[in-house]
Amino acid sequence: MIAHSPNLKSYPVEVRDAGHMGKGVFATKNIKRGNICCYYDGIFCAGLDMATLTSNAFGYAQGLKCGGTLAGFTKQFHNGGVGQLINDASTDYKSDTDLKYLKKINVTFDDAGGMDKPLICVATKNIKKGEQLFYNYGYTYWKSRKNREADPKQKDLTPKSIFMQKVKAFEEKMSLGKTLTFDLGITDKLFGEDL
């Protein structure tokens, strides 16, 4: 299921080059604190592994209160669906208590708690025209990213290759001696295994 949109006529943001951060989301006009900036566009998935496989990119997944995960993409599906492209305020994250870092954070995501509601991005402070939007990715994201970068075996692995490794391990565990073909629509519950 594709993420729902707030269906606003326009959104006060645009995607453009953000230097060493790649693409970023920038204000096209002044945005007042509490106003909707954009929303997280993507596809609802059962969990983080499936969302990562769906988007085929690490870091483009947002957990939801309802237990699902939104798989985000580098391109928006609909007008205003660019929340997945908002960068963290740092590429060298150290702590949630770093006040210099926290001052840069200017948006948060408002999770209404259901798959039938949009995951909207709201300004946590006044944002000036031309200013980049920043979100706090959190400790878990940065820790997992640093672990991947530190392990040469995982550095260049794609979500698809990780998934295929899990399939191979499952085949070996079940001693099937043949290759299984998986439809991505099949859930891991069918096999009683965490794929």
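The chain holds five helices and 10 strands, as seen in a predicted model. Of its 195 residues, 37% count as buried. The accessible surface adds up to about 11,800 Å², with carbon and sulfur atoms contributing 52% of that. As for how the chain meets itself, take the contacts with a separation of 6 or more: 65% of them come from residues 24 or more positions apart.

Early in the chain sits a hairpin made by β1 and β2, with five residues between the two strands. Strand β1 covers residues 13-17 and strand β2 covers residues 23-27, and they pair in the antiparallel sense through five bridges. Within this pairing, Arg16 of the hairpin stands opposite Gly24 in β2. The turn includes Gly19, which has a positive phi of about 65°.

Further along comes helix α1, spanning residues 48-55. Its buried residues are Ala51, Thr52, Leu53 and Ser55. Right after α1 comes Asn56, and here too phi is positive, near 55°.

Then there are the cysteines. Cys45 has a relative accessibility of 10%, so it counts as buried. Cys121 is buried as well, with a relative accessible area of 0%. What about bonds between cysteines? For Cys121, the closest cysteine sulfur belongs to Cys38, but the two sulfurs are 4.1 Å apart and therefore too far for a bond. A disulfide would need the sulfur atoms within 2.5 Å, and by this rule the count of disulfides is zero.

Definitions and conventions:
Residues numbered from 1 in each chain as written. Predicted model: local features only at pLDDT ≥ 70, side-chain atom pairs only at ≥ 80, totals over all residues. Heavy atoms only, no water. Pairing = 2+ DSSP bridges. Helix = DSSP H or I, 4+ residues; strand = E, 2+ residues; numbered from the N terminus. Buried < 20%, exposed > 50% of the residue type's maximum accessible area, 1.4 Å probe, protein only. Contact = heavy atoms within 4.5 Å. Areas by Shrake-Rupley, 256 points an atom, 1.4 Å probe, with all protein chains shown as cover.
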